[in-house]
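This report describes one protein chain for a reader who is new to structural analysis. Please look at the sequence and the structure shown below before reading on.

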Amino acid sequence: MAETATIAEPARLMAEADDPARRPVVSLLRGGHRRAETGHPWVYSNEIAMDAAAKALLPGTLVTLRRADERPLGVAMFNPHTLLAARLLDRDAARPIGQRFFARHFERALKLRERLFRAPYYRLVHAEADGLPGLVVDRFGDVLAVQANAAGMDRLEPVILDALSAALSPAAIVLRNDSPARALEGLPLETRVAVGRADGPVPLEEHGTAFEADVLAGQKTGWFFDQRDNRDFIAGLAPGARLLDLYCYSAGFAVRAAHAGAISALGIDRSEPALALAVTAARHNGVEERCSFRRGEVFAEAAAMATAGERFDIVVADPPPFARAKRDVGPALRGYRKLARLAAQLTAPGGFLFLASCSHNVAPGEFAEAVRRGLADAGRAGRILRNAGASPDHPVHPALPETAYLKSLTLALD
């Protein structure tokens with residue numbers, strides 16, 4: 001891919017310098033400030049006085065929010081066309097939102113990650129929890145993958161790129177603006193190299209195991225950093241085990257387990273590019289003779305293996321989101337129940353079963369109940385050894401418990 005400019009293309013909407021004194025003012029309805037004043041970073045359209053001036057603002061405009069009594073509430077990114085109308089950036093309405101603002105947030109996020117991890121492979125910015133609503137930044141050494149899921153962050157792209165470049169001097173910044181969340185904000189989907197050069201998969205390392213991430217075309221930003229701690233736990237159970245990795249993607253669980261001493265690891269996924277990266281990872285880590293991968297639809301493959309009497313000491317099932325919207329929750333829970341049944345049937349007596357859900361619309365209790373029913377359907381009993389979420393580079397905003405999207409259960413089955 002050809003080298004690109006270090007800031008957004010001229011044809012894109014450029015962010016104007018933020019002057020708090022000249023910002024548009026958006027007023028809240030009486031009582032509309034209450035949730036925000038308790039720490040919630042979002043303000044909904046039904047809490048806002050949507051007059052003609054507010055409705056005329058461009059999506060992503062920086063505004064000063066005011067309570068009904070005209071006292072300032074803070075500075076926010078505003079979108080008059082969405083239910084989630086305002087995302088607070090700072091409680092000080094006089095704070096300019098520019099490169100200094102982002103530099104301060106990136107510095108704080110970087111210091112935290114450097115305390116958590118020795119190697120530079122992690123989620124650097126996790127949206128609201130890091131004080132930057134709608135912005136995700138994943139770090140792969142000197143390559144950054146950036147995703148802007150809010151119109152305001154999209155408008156501020158040049159400032160964000162400059163601040164990231166100043167903070168980390170990356171060799172490349174890839175914009176992975178292809179998330180379904182962007183459609184809710186009225187934003188186009190795109191993948192673009194905004195800084196430097198990126199031609200293909202980039203290397204990453206996890207506890208001494210080498211992988212490659214496809215930051216240009218892989219799922220999400222190319223890698224699932226959120227499952228790091230769960231991969232650690234499964235790797236600790238792996239010595240001498242036979243492992244099955246369903247929805248293996250690029251084989252984070254399978255290769256980590258083989259590298260930790262599993263005698264065999266089989267990964268199944270329907271993505272050929274992901275499986276190619278899995279093969280490469282197995283080869284890089286010298287475990288290609290103990291790893292095998294095949295393309296297939298997981299439910300069909302799992303049912304066929306269960307009917308054939310195949311059993312594994314560890315079964316991992318980490319599917320993509322089954323419920324992308326609230327209307328999908330019912331079918332999703334039936335899917336998790338079926339997956340739990342099939343996975344349990346494939347788990348040997350005395351073996352371990354790991355099941356995960358990244359559907360933020362599915363509550364932890366609902367997921368646990370679907371798993372319980374699936375185990376009962378399979379006629380299996382067991383114990384929950386570990387109930388875990390995402391790794392700590394995916395912090396949760398205290399006022400947004402629903403953003404603890406990842407749920408996982410590790411069970412020992414009789």
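Histidine 33 counts as buried, at 14% relative accessibility; buried means under 20% relative accessible area, exposed over 50%, and partly exposed in between, with a 1.4 Å probe and protein chains only. The chain is a predicted model, in which local features need pLDDT of at least 70, side-chain atom pairs count only at pLDDT 80 or more, and totals for chains, interfaces and linings use all residues. Residues are numbered from 1 along each chain as its sequence is written, and side-chain values use heavy atoms, with hydrogens and water left out.

Histidine 33 belongs to the loop between β1 (25–27) and α1 (34–37). Such helices (H or I, at least four residues) and strands (E, at least two) are DSSP runs, numbered from the N terminus. Setting aside residues up to four places away in sequence, histidine 33 touches Leu28, Arg67 and Leu73, where contact means heavy atoms within 4.5 Å. The side chains of histidine 33 and arginine 67 also form a polar contact (3.4 Å). A polar contact is a pair of N or O atoms within 3.5 Å; within protein, one must be able to donate a hydrogen and the other to accept it, and residues adjacent in sequence count only if both atoms are side-chain atoms.

Two further loop residues have a positive phi although neither is a glycine.

| Residue | Phi | Loop | Relative accessibility |
|---|---|---|---|
| Histidine 207 | about 50 degrees | between β11 (202–206) and β12 (209–213) | 52%, exposed |
| Tyrosine 249 | about 50 degrees | between β13 (242–246) and α8 (252–260) | 7%, buried |

The next topic is the interior. The largest nonpolar core has 40 residues, and Phe140, Leu243, Val255 and Phe293 have the most contacts inside it. The element α8 gives this core its largest share, 5 residues. A nonpolar core is a set of buried Ala, Val, Leu, Ile, Met, Phe, Trp, Tyr and Cys residues joined through side-chain atoms within 4.5 Å. Beyond four places in sequence, valine 255 is in contact with residues including Phe211, Ala278, Val287 and Phe293. A second, separate core of 34 residues includes Tyr247, Phe299, Leu342 and Phe367. In soluble globular proteins, nonpolar side chains tend to be buried together.

Confidence remains to be considered. The chain averages a pLDDT of 94, and 96% of the residues score at least 70; pLDDT is the predictor's confidence in each residue, from 0 to 100. Over residues 1–14, however, pLDDT stays under 50. Where pLDDT is low, the predicted coordinates should not be read in detail.
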